[in-house]
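Hi,

Here is the structure we talked about handing over. Please open it alongside this email; my notes follow below.

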Amino acid sequence: MFAGTQTGGTPLLDESFFARDVVAVARELVGATLLVGGIGGVIVETEAYDQEDPASHSFSGPTRRNAAMFGPPGRAYVYRSYGIHWCLNFVCRESGRGSAVLVRALEPTDGLEAMRARRGLDDPRALCAGPGRLTQALGITMAHDGARLDTPPFRILPHSGPAPALVEGPRIGISKAMDLPWRFGLAGSRYLSRPFPRA
DNA sequence: GGTATGATTGACT
DNA sequence: GTCAATCATACCA
């Protein structure tokens, strides 16, 4: 499908996967595997941010911070949150709009010991359950802003098999466009940053 | 120039 | 449940 790049026989998600509607990409990323330098796990929670969405950093047009959102799709957009944490996004593009998927939580599968060392704790359920936590566990910083996602240290492997069951709900921590159900999670996952409101 | 605000987390009552 | 940490960006003068 979107197996554009072959690395050791492993199909990686590349620019063609991300050059589509950001909500569709956010849904399809749940179940994919994100590795940075071989360390990471299965994406279990994402959020979509579109340029026509008042909650998006791209809403008011390009700035120094959000420049990556207006560059090519399939790149990382990394920003500082609350002056303390980093947040990792995947840049998407459809009809020239700046948009991105925020990666909110992983189920750790690879490099558990490295993640434990970086996070300073053992519980796998707390290693990557939150946007600031997973960037710390994976060693993501501003240095990765604008980096290609189909090139080392990044590797993103698509979900294989039937599409996993998703849950959806309002996005976390925003004060605008709170009605949009653009947060997506892997149904039944115990690695979410927060529970989804019951339907 | 100054000031308010977060796409968060961890500690604490 | 409440609250502080900490700083780049956004917005106003």
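**Contacts with the DNA**

A polar side-chain atom of H85 sits 2.9 Å from a base oxygen of DNA strand B. Please keep in mind that this is a predicted model.

Two further contacts to DNA strand B stand on record here. In Y79, an N or O atom of the side chain is 3.1 Å from a base nitrogen of the strand. At P131, a backbone N or O atom lies 3.0 Å from a phosphate oxygen of DNA strand B. Four elements each give two or more residues to the surface near this strand: strand 5, strand 6 (85-92), strand 7 (99-110) and helix 5 (131-138). Helix 5 gives the most, with 3 residues.

DNA strand B has 21 residues around it, and Y79, N89, G130, G132 and R133 come nearest. Of the strand's atoms within 4 Å of the protein, 53% belong to sugar and phosphate. By class, the surface near DNA strand B has 8 nonpolar, 10 polar and 3 charged residues.

Now DNA strand C. Its surroundings are T63, R64, R65, Y82, G83 and I84. They divide into 2 nonpolar, 2 polar and 2 charged residues. Sugar or phosphate supplies 62% of the atoms of DNA strand C within 4 Å of the protein; bases supply the rest. Two contacts to look at:

- T63: an N or O atom in its side chain is 3.3 Å from a phosphate oxygen of DNA strand C.
- Y82: a backbone N or O atom is 2.4 Å from a base oxygen of DNA strand C.

**Inside the protein**

The largest nonpolar core has 43 residues. Those with the most contacts inside it are F18, L29, L34, F90, L138 and I156. Another core lies apart from it, with 12 residues, among them Y49, A68, M69 and Y79. That last residue, Y79, is also one of those nearest to DNA strand B.

Back in the largest core, which residues does L29 touch, not counting residues up to four places away in sequence? They are L13, F17, F18, I43, T46, F90, V101 and I156.

**One loop residue**

F59 is in the loop between strand 4 (39-49) and strand 5 (76-81). Is F59 buried, exposed or partly exposed? Its relative accessibility is 41%, so F59 counts as partly exposed. Leaving aside neighbours within four places in sequence, F59 is in contact with Q51, E52, D53 and P54. P158 is 99 residues from F59 along the chain, and their C-alpha atoms are separated by 29 Å.

Best wishes

Notes. Residues numbered from 1 in each chain as written. Chains lettered and ligands numbered in written order. Predicted model: local features only at pLDDT ≥ 70, side-chain atom pairs only at ≥ 80, totals over all residues. Heavy atoms only, no water. Near = heavy atom within 4 Å. Polar contact = N/O pair within 3.5 Å; in protein donor to acceptor, adjacent residues only side chain to side chain. Nonpolar A, V, L, I, M, F, W, Y, C, P; charged D, E, K, R; others polar. Core = buried A, V, L, I, M, F, W, Y, C linked by side-chain atoms within 4.5 Å. Buried < 20%, exposed > 50% of the residue type's maximum accessible area, 1.4 Å probe, protein only. Contact = heavy atoms within 4.5 Å.
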